[in-house]
Amino acid sequence: MDKSKDLEVLYHYAAERRFKAFNELWAKAVSGGPDNEFPDAYLMRAQIKLFAADETFLEDLETAGRIHAKSRFPCLNSQWLSDSPNRFIVFSKKPDALQRFLQRLPEAKDKMEHWFGKPGGNMVRQIQSEIFYFTGRFTEAINLAEEQQIMDSGNHTDEILLQCVLFRCHLATGNTEKAEQNMLNMIRLSEAYPECRKSYQSIRTWANLTTGWSGDSPRFCNDFQGKTYPVLDDRQEAIRMGFDQITVLETPFIEYAEHSYDQPYTMRQYYMDIFHALYWFQTSDFQQTESHFLTVYNIAAASGLIMPLAEVGGHIIPLLQHIRDTSQVCSPELIGRILSLAEQYEENTEAYRG
């Protein structure tokens, strides 16, 4: 068996996201010799697992780390362009699974920097900062994104995604001037670098979907009795345009997750389940509302990913109040925290749109 040729083919498969072929050759190649002959194979698989939020990625990094060698291949992050608002796209719904994954990221960052320098460390920082944002840990998310910005690796896809993290955090914390600058930075990157355009388009769709950032339609309207209702036209349009559809570049990592661990769940589906709960609440079908809301509540309680709920701002406040007042299942403390974040997010969104 030609070990060097196998490794080159493995890297080719990994770079092109052909993970089924990668796994088949990986098993064949590694089983043919001791681990110390294949540190690069373990490094490649660890990077795939990292993007699939598979918590066993650290074992592969540790196996590679026991071998005193240099990586013969560049960081795969440079090959994996993005067509999404996040690098963090899939995770396990099992209780504490995401928290275990998150706890392993600081050690992974050090190991990836050892093997690949700035590109390796930034690969981890991007995912870690996104999870910090989604769990409401804004200061930590900002610090990581700014650290990543200082350690610029020349990866423009990563740059636009870190600007998205900063935009989200600054909007959530009320720093609208910085949020505006982050959005302008994303526009600049999308105009200057073709590889950033799909990411920017998906970020803009997300921003319109959650904040009505475009300003093309009012966020609320009043009925003939003067009662206020949320305007969901921008959400419905985004849904019609396929916001819930997994993209070409996301698909391989999600398929990898589906074959790697229990109960995988995508961020896109999380947003869609939130919108379904909003839809049924708006129609006053409270049985359907509570059924759909329990899906997203259980995700939030198990993972800590509360910002997708809070990002809906004023549109979700009546629903949260209804759940707080009627549910015998949902924790009042968790609902209260999400409600407070949603109220603040709505206030900040209005300031940003103004």
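Author: Let's start with a working rule: a charge sits over a ring if NZ of Lys or CZ of Arg is within 6 Å of the ring centre and within 35 degrees of the ring normal. Keep in mind that we're reading a predicted model.

Reader: Fine, let's try it out. Over which ring does the charged end of Arg168 sit?

Author: Over the ring of Trp206, with 4.0 Å to the ring centre. That's inside the 6 Å limit, so the distance part of the rule is easy to check by eye. Arg45 gives you another case: its charged end sits over the ring of Trp26, 3.7 Å from the centre.

Reader: Back to Arg168 for a moment. Is Arg168 buried or exposed?

Author: The test here is relative accessible area, and buried means under 20%. Arg168 comes out at 2%, so it counts as buried. As for its place in the fold, Arg168 belongs to helix α8.

Reader: And which residues does Arg168 touch, leaving aside those up to four places away in sequence?

Author: Trp206 is there again, along with Pro85, Asn86, Tyr133, Phe134, Tyr271 and Glu311. Hold on to Tyr133, Phe134 and Tyr271, as the aromatic part of the tour brings them back.

Reader: Let's go there, then. How many aromatic pairs does the structure hold?

Author: There are 21. To read one, take the distance between ring centres and the angle between planes; over 60 degrees counts as edge-to-face. Phe167 with Tyr352 shows this geometry, at 5.6 Å centre to centre with 75° between the planes. Phe167 sits in helix α8 (residues 156-173) and Tyr352 in helix α17 (residues 332-353), so this pair ties together parts 185 residues apart in sequence. Phe167 has 0% relative accessibility and counts as buried, and Tyr352 is buried as well, at 11%.

Reader: What about a pair that is neither stacked nor edge-to-face? How is the pair of Tyr271 and Phe275 classed?

Author: Their planes meet at 35° and their ring centres are 6.4 Å apart, so the pair is tilted. Here's the helix idea behind it: an α-helix has 3.6 residues a turn, so residues three or four places apart point the same way. Tyr271 and Phe275 are 4 residues apart in helix α13 (residues 267-282), about one helical turn. Both of them are buried.

Reader: You mentioned Tyr133 and Phe134. Which cluster do ring pairs link them into?

Author: The cluster has Tyr133 and Phe134 together with Phe88, Phe91, Phe138, Tyr265 and Tyr270. Try tracing it ring by ring in the viewer.

Reader: On to charges meeting charges. How many salt bridges does the structure hold?

Author: The count is 17. For each, you look for a side-chain nitrogen of Lys or Arg within 4 Å of a carboxyl oxygen of Asp or Glu. Asp60 and Lys49 meet this way, N to O at 3.2 Å. That pair links distant parts of the chain, with Asp60 in helix α4 and Lys49 in helix α3, 11 residues apart. Asp60 is buried at 3% relative accessible area, and Lys49 is buried at 8%.

Reader: Which residues of helix α4 are buried, and what covers them?

Author: Asp60 has buried company in α4 (residues 57-65): Phe57, Leu58, Leu61, Thr63 and Ala64. Their cover includes α3 (39-51) and α5 (97-116).

Reader: Since α5 came up, which partner does Arg100 meet in a salt bridge?

Author: Glu55, at 3.0 Å from N to O. Arg100 is in helix α5 and Glu55 in the loop between α3 and α4, 45 residues apart, so to speak a link between distant parts of the chain. Arg100 is partly exposed, at 35%.

Reader: And what's the setting of the bridge between Asp158 and Arg87?

Author: The N to O distance is 3.5 Å. Asp158 lies in helix α8, while Arg87 lies in the loop between α4 and β1 (90-92), 71 residues away. Both are buried. Salt bridges can share partners too: Arg45, Lys49 and Asp60 are joined into one network. Arg45 is also the residue whose charged end sits over Trp26.

Reader: Let me zoom out. How many helices and strands are in the chain, and what share of its residues is buried?

Author: You'll find 17 helices and 4 strands. Of the 354 residues, 54% count as buried. Among contacts between residues at least 6 apart in sequence, 73% join residues at least 24 apart.

How values were computed
Residues are numbered from 1 along each chain as its sequence is written. This is a predicted model: local features need pLDDT of at least 70, side-chain atom pairs count only at pLDDT 80 or more; totals for chains, interfaces and linings use all residues. Side-chain values use heavy atoms; hydrogens and water are left out. Rings of Phe, Tyr and Trp (its six-membered ring) pair if their centres lie within 6.5 Å; planes under 30 degrees apart count as stacked, over 60 as edge-to-face and the rest as tilted. Helices (H or I, at least four residues) and strands (E, at least two) are DSSP runs, numbered from the N terminus. Buried means under 20% relative accessible area, exposed over 50%, partly exposed in between (1.4 Å probe, protein chains only). Contact means heavy atoms within 4.5 Å.
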